[in-house]
Amino acid sequence: MVKILITMIAAVVISLPSAAQQERKFIRGGNDLFNKQDFEKAEVEYRKALDTEVKSYEGAFNLGDALYKQKKFDEALQQFQSLAQNEKDKEKLGELYHNIGNTLLAMNKLDESIEAYKQSLRNRPNSQETKYNLEFARKQKQDQQNQDQNKDQNKDQQDQNKDQQNQDQNKDQNKDENKDQNQDQNKDQQDQNKDQQNKDKQDQDKQNQDQKDQQNKDQQNKDQQQQDQQAQPKISKEDAKRLLEALEADEKKTQEKVQKDKVQAQKAKKMKIEKNW
């Protein structure tokens, strides 16, 4: 039993150098492909190294770089963050958070990338590259804020211009409507004035015609009177005197007859009253 155990241990010990050699072989192959910018094949080699040695920090770190170069940012970020969770070495943590910051910056997550660079500098404060990237991310954020502010201002200005255009359009529309309305009103007023003028003219014409007719009628009457006067026979002064005397005699007879009739009536009335008594 002891012999068998020793044999098994010996086999494991012998196999360890072989696994480490395979891991290094795949990492070197991946690095060569990475330097040739064949990032997809480099990813394959790094994964082979991790299949050989799951805890290979270099294989995992380089895999994250290969994923980043292929713009597989979500996978790269997950790879670097997974390594950072269990890492204790400050230098390695500085490298990991530097790459996390780069990945977040590429994803345009500026606030998160700034925090990642700060975390990197806490572990590796002398890294000039990380300081530079931190300032670059801050500048990107400031530029984005300025762009957003300008965009908002431009939008507000566009909205104001649009409102002004709408107001101008409404003003022009109202102006046109008022113009049309005024034109219609003026036309109606002109039509009314024209109708009134026609009516006044008709009334004036009628009045003139009535006056003319009346003048003609008066002239006709005047002419008729002149004709009647001309038609009457002329009498002499003696005939006129005799005619006047005859008229006065007739008038006297009439007065005497009226007086006589009045006396007769009074007598009749008196006789009637005495008879009743």
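A pocket, as the word is used in these exercises on a predicted model, is an open set of grid points with protein on both sides within 12 Å along at least five of seven lines, and its lining residues are those with an atom within 4 Å of a point.

**Exercise 1.** Determine which helices contribute to the lining of the largest pocket, and which element gives the most.

*Solution.* Begin with the space itself, whose volume is about 220 Å³. Of the 13 residues that line this largest pocket, Asp65, Tyr68, His98, Asn99 and Asn102 are the closest to its centre. Two or more lining residues come from each of α3 (57-69) and α5 (90-106), and α5 gives the most, with 5 residues. Sorted by character, the lining of the largest pocket holds 4 nonpolar, 4 polar and 5 charged residues.

**Exercise 2.** Describe the second largest pocket by its volume, its lining and the elements that supply two or more residues to that lining.

*Solution.* The second largest pocket encloses about 190 Å³ of space, and the residues that line it include Leu50, Tyr57, Gln79, Leu83 and Glu87. The elements that supply two or more residues to this lining are α3 and α4 (73-86), with α4 providing the largest share, 4 residues. By character, the lining of the second largest pocket divides into 5 nonpolar, 4 polar and 2 charged residues.

**Exercise 3.** Identify which residues make the nonpolar surface patch of about 300 Å², and place Leu244 in its helix.

*Solution.* The patch is made by Leu243, Leu244 and Leu247, and Leu244 lies in helix α8, which covers residues 237-276.

Key. Residues are numbered from 1 along each chain as its sequence is written. This is a predicted model: local features need pLDDT of at least 70, side-chain atom pairs count only at pLDDT 80 or more; totals for chains, interfaces and linings use all residues. Side-chain values use heavy atoms; hydrogens and water are left out. Patches are made of residues with over 30% relative accessible area and no salt bridge: like charges are joined within 9 Å, nonpolar side chains (Val, Leu, Ile, Met, Phe, Trp, Tyr) within 5 Å. Accessible areas come from the Shrake-Rupley method with a 1.4 Å probe; for residues, only the protein chains shown count as cover. A salt bridge is a side-chain nitrogen of Lys or Arg within 4 Å of a carboxyl oxygen of Asp or Glu. On a 1 Å grid over the protein atoms alone, a cavity is a set of points where a 1.4 Å probe fits but cannot get out, and a pocket is an open set with protein on both sides within 12 Å along at least five of seven lines; lining residues have an atom within 4 Å of a point. Grid points are joined across faces, edges and corners, and a volume is the space filled by probe spheres set on the points. Ala, Val, Leu, Ile, Met, Phe, Trp, Tyr, Cys and Pro count as nonpolar, Asp, Glu, Lys and Arg as charged, and the others, Gly among them, as polar.
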